[in-house]
Structure formats: structure tokens, C-alpha cells
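Okay, everyone, thanks for coming. Let me put the structure up and then walk you through a few parts of it.

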Amino acid sequence: SITGACQAIQKLTRVRVVDNSALGNTPYHRPPKCIHVYNKTGVGKVGDKILLAIKGEKKKALIVGHKMPGPPMTPRFDSNNVVLIEDNGNPIGTRIKTPIPYILRRREGEFSKVLAIARNFV
Amino acid sequence: MPGRGGTRCRSAAEGMWRAVSAGCRLLRLVSAAGAAALRPEPPPRVFGAPRGACAAARGAGGGGVGALGEAEQRQAADTILPKFNIDFVVALLRQENAKDICVIQLPPEIKYCNYFIIVNGSSTRHLHAMAHYMLKMYKHHKEESDPHTHIEGKETDDWLCIDFGSIVMHFMLPETREVYELEKLWTLGSYDDQLAQITPQSLPEDFIFGLTPNSSDHLGMRT
């Protein structure tokens, strides 16, 4: 059964990988699912790191947009978007076509690399 | 902006890329022509300590400072620190033996930053040393109102970056640079070839947005 969107991104949410990495774009019979959120609360918002299970392997990823409405004057996306990154923070894909929220720049954390490979900002 | 390696693609990509990689040559030409929004006089290329450059620049740009003697100028320069702008940054990078300095000026429509710098390094230690040196100079020369910055990518061994608000710097190894090709993305914009190679996702024919809870979230399912 498929439930509607509740909180932003937590364990077992299906996510959409938006960069052009091979791991994110090759079709697989199961969608990529979040299995852990690196946060004090188990809920991930924009800019949080999560662990993803893709094609039978575990990969870290960065949340760049979710369906849940956030603070006012921030963008809300129609899908839970995620960018794959390595353990040391380097993004695996080389380009991101979907718009990336601009608030990532103000947040504490390593987001300049993801912003550098993004095409347009929102 | 006209004539710079901005995001307007006026000539062939390779030619512009070469021009952009020349970096400071364009800056010097433009500032000599007085067309850009930089200082009207070209900053003298003194590769001593930055204080030396500052003293000469103050002397040249001051205009009516001819009355001051040499020693007094240098003394005054010690208390006045040079502003942390793009010319200063490029001079520091040359001092650090950075290879392939690529300075891209972004138009104000892209509200990301004013200048985007990509630098090659010869090894991991070189990258770390350059990044820490740039941060040290920034902390030394910044005014009180500028925010603090931190180095991102300290755990990696091939890509570090620092975000100075209006300037963003990326220190990469040559192999990493080949993989990501950031210059192509930021200068060519929509015409980038890696972007074109991303196969466009198309919606299925029976897609209706958000009609029932069962029909939404089609993008999450890959079958």
C-alpha cells in the first residue's frame, strides 16, 4: 500500500535521485529507500544527510527537497529529491538538472560542492 | 561584463575557455580599459608581500597622496590592510604556485556569487596548504561585518572548497577537474554537454498529478 506524504524524509521513505550518477539512474526493480537519517530526530529536512539503499548497496545522500511544506518563503517540491554523495562528501554524479533550494548556502555544512554541480537554483 | 569570460558564450567554447583560464590577463585588460567595475587603475603586479602591493596601490590610487614620502606611505600601509577582493585573491594564488587559475565572473541574475574560482593543485598536501593559507589571509584581512568561513572537504583528498560570500573557490586535483568540468557548466550554462547527455525523464501517458493518494509518487517508483 502507498501512503501519502507525512513528515519530510524518514526511514523507509522512497526518494528520487536527481543527479546524473550511474547508480541513481539505472533502473532497478525496487525504488531507492532511506534507511537512516543522520539527525538527532529521525526526520530529515533539506540539507540533512541520509543513508540510502540503492540496488542492494548502501550509499550516503543529501536531501535537496521534500514534499512537506517547510518554513515560509522556502520552496516545496513535488518529490523527495536527493543527491548521492560519498562518505567523504564528494558528489557521485556530475550534474544536477532539478532546481536546488538556495537556503543550502546559509546552512552549516558542506554544500558548496553540490551547489557547484547544480544547474539552477530556486 | 562584455568581453569577460562570463556566462555569455560569444566565441567557440575552447577559445573562451582559454581566455577564461588566462584569468588575470582579462582582468588586467578590462581594468586598463576602465570598462569594468574594478578600480580604474590597474593594480601593480608586485609579488612581494601583500603589504608591498597595498602600499604601491595606495600610492597609485590615492591621487593626491603625492605629498607623502616613501617611508610614510609604507608606514601608513602597515595599518591599512588591503581589501580582500578578487585581485588580491588571484595574486595570492600566484604566490602559492597554483596551476590553472580559472576565474569566472557570474552575472547578477545567478544570485550565487560574483566570482567563481577553480584552482588546480599538484598534490593533496598542496591543496590543503593553499586552502588553509587562503583562509588565514581572509581572517587577517576581513572587516568585522564579513561572516566567518570554513573549509569544506577536509576529509576528501581531491576536492576542497571555501565560500567567501561573494567569491567561491574550489581547489581540485587535475583528474577531479576532468571528471566534473565545472568551468564548462558555469560558462556554458544550458548548453553544457554533460547536461544534454542526461536523458530527459518523461511522464507516463496516464499520469494525473495528485488526483488520488495512490496515483501520486510515481516518480519515486522505478520499475
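So, strand 3 of chain B, residues 151-152, runs antiparallel to strand 4 of chain B, and 2 bridges join them. Keep in mind that this is a predicted model. If you look at strand 4, Cys161(B) is the bridge partner of Glu152(B). The two strands make a hairpin with 6 residues in between, and in that turn Gly153(B) has a positive phi of about 90°.

Now the other neighbour. Strand 4 of chain B also pairs with strand 5 of chain B, again antiparallel, over 5 bridges. There, Asp163(B) has Val168(B) as its bridge partner in strand 5. This is a hairpin too, with 3 residues between the strands, and Gly165(B) in the turn shows a positive phi of about 80°.

So is strand 4 of chain B, residues 159-163, buried or exposed? Well, 5 of its 5 residues are buried, so the strand is largely enclosed by the rest of the structure. Trp159(B), Cys161(B) and Asp163(B) point one way, while Leu160(B) and Ile162(B) point the other.

Okay, on to the nonpolar core. The largest one has 30 residues, and the members touching the most others are Tyr112(B), Phe116(B), Leu182(B) and Trp186(B). Both chains feed into this core: among the elements giving two or more residues are strand 4 (57-65) of chain A and helix 8 (182-188) of chain B. Take Leu182(B): its contacts include Ala116(A) and Ile117(A), plus Trp159(B) and His170(B). And there's a second, separate core of 28 residues, with Val89(B), Ile101(B), Val103(B) and Leu173(B) among them.

Terms used. Residues are numbered from 1 along each chain as its sequence is written. Chains are lettered from A and ligands numbered from 1 in the order in which they are written. This is a predicted model: local features need pLDDT of at least 70, side-chain atom pairs count only at pLDDT 80 or more; totals for chains, interfaces and linings use all residues. Side-chain values use heavy atoms; hydrogens and water are left out. A nonpolar core is a set of buried Ala, Val, Leu, Ile, Met, Phe, Trp, Tyr and Cys residues joined through side-chain atoms within 4.5 Å. Buried means under 20% relative accessible area, exposed over 50%, partly exposed in between (1.4 Å probe, protein chains only). Helices (H or I, at least four residues) and strands (E, at least two) are DSSP runs, numbered from the N terminus. Contact means heavy atoms within 4.5 Å. Two strands pair if DSSP finds at least two bridges between them. Lists of a residue's contacts leave out its neighbours within four places in sequence.
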